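Trainee: Please choose one part of this structure and take me through it closely, and then show me how the surrounding parts relate to it.

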Amino acid sequence: MIHHKQGARKYYALASDYIPQRILEAPDPIPDESAHLKWRLLRRITAVGLLWNRPSDAWLNIWGMKAKERTQAFEELQEEGAILPIQVEGIKTTLFCNKMDSPFLEQTLHLDTEKMAEKKQFRPRCEFLAPLDCFLWDRNLIRELFGFDYKWEIYTPAAQRKYGFYVLPILYGERFIGRIEAVADRKAGVLTVKNIWFEDDVRRTKKLLTAIEKRAKRFAKFNECILNAENLERYG
């Protein structure tokens, strides 16, 4: 097991030295292969929020699950009431969510964001998403839902990259508004924003740029750096 990390280096230790033997020797809680597959599928649906019964990177490493097994698992989970079918306007394929998330859906459907904005109760949240964030596991679904086409270009040859080596999607409010390339120089203790690419229809308002700057400062702090705010001025 991984004991600790120093930078990018991982240090390992025997699991038996840190995990009680009763846990290490405990029987498999889900010995049935079919039940285990459904359990894993439900975990993936819950992690992403909404998923469809289609080929997807969200199913990676669920060995032995092909289209037939996946469809059967979806059908059984729906019959058991564990997942709920969701229809999204503009998308023909049915999506599914964990039934336990239904209160959040109900709350969202009844939100009047315009009135909340007038009363200053609603403030769009700005986040930089990691390339392997569970929300992004199914890039085709993100494209269908948000019209945002994202590819992690870390494995793309430099000459073929459209954006950059390690570019993060920017989520603001209810949509993806662009992507950012921010590089941390840990020795100098400075986070440099190399570039920001906004989607074509995004208005670069002061409110939006302020939200991005605040998030960039948090990101710099996470990387134990300070932000060179001057780099953001050219994007105004």
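Mentor: Helices and strands here are runs in the DSSP assignment, with at least four residues needed for a helix and at least two for a strand, and they are numbered from the N terminus. Counted in this way, the protein has seven helices and ten strands. Please keep in mind throughout that this is a predicted model. Buried residues account for 33% of the 236 residues, and the C-alpha atoms fill a box of roughly 60 × 50 × 40 Å along the principal axes.

The part I would choose is the open sheet of five strands, whose order is S6-S7-S8-S9-S10 and whose pairing is mixed. Its edges are strand S6 (126-128) and strand S10 (226-227), and because each has a single partner strand, one side of each is left without a neighbour in the sheet. At the S6 edge, phenylalanine 128 deserves a moment's attention, since the charged end of arginine 215 sits over its ring, 5.4 Å from the centre.

Moving inward, strand S7 (residues 168-172) runs antiparallel to strand S8 (residues 175-185), and five bridges join them. One of the facing pairs is leucine 171 with phenylalanine 176, the latter being its bridge partner in S8. S7 and S8 form a hairpin with two residues between them, and in its turn glycine 173 has a positive phi of about 65°.

S8 is then joined to S9 by eight bridges, again in the antiparallel sense. This is also a hairpin, now with four residues between the strands, and glycine 189 in the turn has a positive phi of about 70°. Valine 190 is a useful residue to follow here, as it is the bridge partner in S9 of aspartate 185, while its own bridge partner in S10 is isoleucine 226. The pairing of strand S9 (residues 190-198) with S10 is parallel and rests on two bridges, which is how a parallel step enters the mixed sheet.

Phenylalanine 176 leads from the sheet to its aromatic surroundings, for it belongs to one aromatic cluster together with Phe135, Phe146, Phe148 and Tyr150. Tyr150, in turn, is among the residues lining the largest cavity, along with Lys151, Trp152, Glu153, Tyr163, Gly164, Val167 and Arg179. That cavity holds about 40 Å³ of space, and the structure has one cavity of 30 Å³ or more. By class, its lining is made up of four nonpolar, one polar and three charged residues.

Aromatic contacts of this kind also occur away from the sheet, and they are counted when ring centres lie within 6.5 Å. By this rule there are eleven aromatic pairs. One of them joins phenylalanine 74 to phenylalanine 96 in a tilted arrangement, with 5.1 Å centre to centre and 55° between the planes. Phenylalanine 74 lies in helix H3 (residues 67-79) and phenylalanine 96 in strand S5 (residues 95-98), so the pair ties together parts that are 22 residues apart in sequence. Both rings belong to residues that count as buried, phenylalanine 74 at 3% relative accessibility and phenylalanine 96 at 9%. Tryptophan 152 and tyrosine 155, by contrast, form an edge-to-face pair, 5.7 Å centre to centre and with 75° between the planes. Within this pair, tryptophan 152 is buried at 17% relative accessibility, whereas tyrosine 155 is exposed at 71%.

Strand S5, which carries phenylalanine 96, brings us to another sheet, an open one of three strands in the order S3-S5-S4 with antiparallel pairing. Strand S3 (51-52) and strand S4 (83-86) stand at its edges, and since each has a single partner strand, one side of each lacks a neighbour in the sheet. Four bridges join S4 to S5 in the antiparallel sense, with leucine 84 standing opposite cysteine 97 in S5. Over by S3, the charged end of arginine 54 sits over the ring of tryptophan 52, 3.7 Å from its centre.

Notes: Residues are numbered from 1 along each chain as its sequence is written. This is a predicted model: local features need pLDDT of at least 70, side-chain atom pairs count only at pLDDT 80 or more; totals for chains, interfaces and linings use all residues. Side-chain values use heavy atoms; hydrogens and water are left out. Rings of Phe, Tyr and Trp (its six-membered ring) pair if their centres lie within 6.5 Å; planes under 30 degrees apart count as stacked, over 60 as edge-to-face and the rest as tilted. Buried means under 20% relative accessible area, exposed over 50%, partly exposed in between (1.4 Å probe, protein chains only). A charge sits over a ring if NZ of Lys or CZ of Arg is within 6 Å of the ring centre and within 35 degrees of the ring normal. On a 1 Å grid over the protein atoms alone, a cavity is a set of points where a 1.4 Å probe fits but cannot get out, and a pocket is an open set with protein on both sides within 12 Å along at least five of seven lines; lining residues have an atom within 4 Å of a point. Grid points are joined across faces, edges and corners, and a volume is the space filled by probe spheres set on the points. Ala, Val, Leu, Ile, Met, Phe, Trp, Tyr, Cys and Pro count as nonpolar, Asp, Glu, Lys and Arg as charged, and the others, Gly among them, as polar. Two strands pair if DSSP finds at least two bridges between them.
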